[in-house]
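This report describes the internal spaces of one protein model, then its sheet, its cores and some details of its backbone.

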Amino acid sequence: MTQTKSPQTALIHSDYQAPPGFAAFPHAIHHASTVLFKNVAAMRSGEWKDKNAYTYGLHGTPTTFTLEARLAEIEGGNHCLLAPSGLAAIAMADFALLKSGDDVLLPENVYNPNRELGRWLAHDFGITARYYDPLIGAGIAALIQPNTKLIWTEAPGSVTMEVPDLPAICAAAHARGVLVALDNTWSAGLVLRGFELGVDIIMQALTKYQSGGSDVLMGALLTREKALYEKLALAHMRLGLGVGADDAYLVLRGLPTLKLRFDAHDAGARTLAQWLKARPEIAKVLHPAFEDCPGHAIWQRDFTGAGGLFSVLFDARYTQQQTDRFVDALKLFKIGYSWGGANSLVMPYPVASMRKGWGQAGQLVRLNVGLEDPQDLIADIQQAFAALA
């Protein structure tokens, strides 16, 4: 018999439970910090790392477990950990696998916040961070030291678009017992099978294509090896890198349309890139699907498609001031970082001041092609070229 409760207590403790058997396409959103246990034995037997029980909201709920499992399926991995951003996922890997006295290698075209993290590791944590030519391939073997523990790769580089030879880098690294991490955000895990090429850890910035709405910050680390996953999971726990249920739901909601959106971004970007190749204002199109892009042959070998992100180099006769005027004159392309949403974006980059060894002439401008009509985007670029005068 149900104990009689005062209205004050009934507001907090209710005997009602919704009937079972409800089914719908959307995934349920489970909000929780505190997770309830059936009894003390259940509390003591649950193992958060194995995800065989719910222990605390930070370690997962049905909503986040579902998203992690779905992402692992897409990438061909076995384990996944969510983080509040792509950079948080990168930091999770670094702090899980590196300690004072260790060495990490990063490509010169690395995502700039990852470069900044490398500088911080070197300055405050006694971890050397060294940078390599993204097209080095098997030559990276010469850079591996006895204390090198991790090599970051990015395919392609998210500004200058070089495509690395992942199998060659992985073979050289594994011969020396070094792990390889791949930032696979550009491909959304759809058109580059990182694990099959030999990488040990895949990072995804779910902020981009998986969300698709330009309204969520989230990242993920994916692995196949359980022992490696457990190292990452301990860092995840110690750093407190949880994500909210509503954000996880938004990414889950975007997954069914991910391939359709990605293909539309790809088609639109190739249309614009092809048109830009014939323009006298543009010296080079840096799109991996076009031969102008360093590493194009590797892209042909390892990728099955492309996304909406590429860069162009303006003719060397144009100054930064002129290309800035071009960017300001665009109407459909909005000035902003990130990519993968419905809206097209543009961003000028002073590459020569960002990285060593950049020998290309001309101002670099990166374009994220959204889901607008490509012909309207072409017209927008064409009218903005007038600002170069």
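The largest cavity is lined by L276, I282, V312, F314, F326, V365, L367 and I381. The model is a predicted one, and the values below are computed from it. Two elements, β9 and β12, each give two or more residues to the lining of this cavity. By class, the cavity lining consists of eight nonpolar residues, with no polar and no charged ones. The space inside amounts to about 30 Å³, and the structure holds one cavity of 30 Å³ or more.

**The sheet around the cavity residues**

How are β9 and β12 paired, and over how many bridges? Strand β9 (residues 309-314) and strand β12 (residues 364-368) run antiparallel to each other, with five bridges between them. One bridge joins V312 to V365 in β12, and both V312 and V365 are among the residues that line the cavity.

The two strands belong to an open sheet of five strands with mixed pairing, in the order β8-β9-β12-β11-β10. At the edges are β8 (282-286) and β10 (334-335), each of which pairs on one side only.

**Pockets**

Two pockets are described here, with volumes and linings as follows.

| Pocket | Volume | Lining residues nearest the centre | Lining by class |
|---|---|---|---|
| Largest | about 530 Å³ | Y111, N112, P113, S158 and W339 | 17 nonpolar, ten polar, seven charged |
| Second largest | about 260 Å³ | G57, L58, H59, G60 and T64 | twelve nonpolar, eleven polar, two charged |

The lining of the largest pocket comprises 34 residues. Elements that give two or more residues to this lining are α4 (86-97), α5 (112-124), β6 (201-205) and α12 (351-354).

The second largest pocket has a volume of about 260 Å³ and is lined by 25 residues. Here the elements that give two or more residues to the lining are α3 (62-75), β1 (79-83) and α7 (226-239).

T64, one of the residues closest to the centre of the second largest pocket, is found in helix α3. Is T64 buried or exposed? Its relative accessible area is 8%, so T64 is buried, the cut-off for that class being under 20%. Not counting residues up to four places away in sequence, T64 touches L82, V243 and A248. By contrast, the C-alpha atoms of T64 and D324 are separated by 42 Å, and the two residues are 260 apart along the chain.

**Nonpolar cores**

Which residues touch the most other members of the largest nonpolar core? They are I151 and F310, in a core of 84 residues. Helix α9 (residues 258-277) gives the largest share of this core, six residues. Another core lies apart from it, with 30 residues that include W48, I90, A233 and A235.

For I151, the contacts beyond its neighbours within four places in sequence are L105, Y132, I140, I144, I169, A173, V178, L179, V180 and A181.

**Backbone details**

Some backbone features fall in the loop between β4 and α6. P156 lies in this loop, between β4 (148-154) and α6 (166-175). The peptide bond from A155 to P156 is cis, and its omega is near -10°.

M161 is also found in the loop between β4 and α6. Its phi is near 70°, a positive value in a residue other than glycine. M161 has 0% relative accessibility and therefore counts as buried.

A positive phi also occurs at S338, where the angle is about 80° although the residue is not a glycine. S338 is in the loop between β10 and β11 (345-349). What is the exposure class of S338? Its relative accessibility is 22%, which lies between the cut-offs of 20% and 50%, so S338 counts as partly exposed.

Definitions and conventions: Residues numbered from 1 in each chain as written. Predicted model: local features only at pLDDT ≥ 70, side-chain atom pairs only at ≥ 80, totals over all residues. Heavy atoms only, no water. Core = buried A, V, L, I, M, F, W, Y, C linked by side-chain atoms within 4.5 Å. Buried < 20%, exposed > 50% of the residue type's maximum accessible area, 1.4 Å probe, protein only. Helix = DSSP H or I, 4+ residues; strand = E, 2+ residues; numbered from the N terminus. Contact = heavy atoms within 4.5 Å. 1 Å grid on protein atoms, 1.4 Å probe; cavity = no way out; pocket = protein on both sides within 12 Å on 5 of 7 lines; lining within 4 Å. Points joined across faces, edges and corners; volume = space filled by probe spheres on them. Nonpolar A, V, L, I, M, F, W, Y, C, P; charged D, E, K, R; others polar. Pairing = 2+ DSSP bridges.
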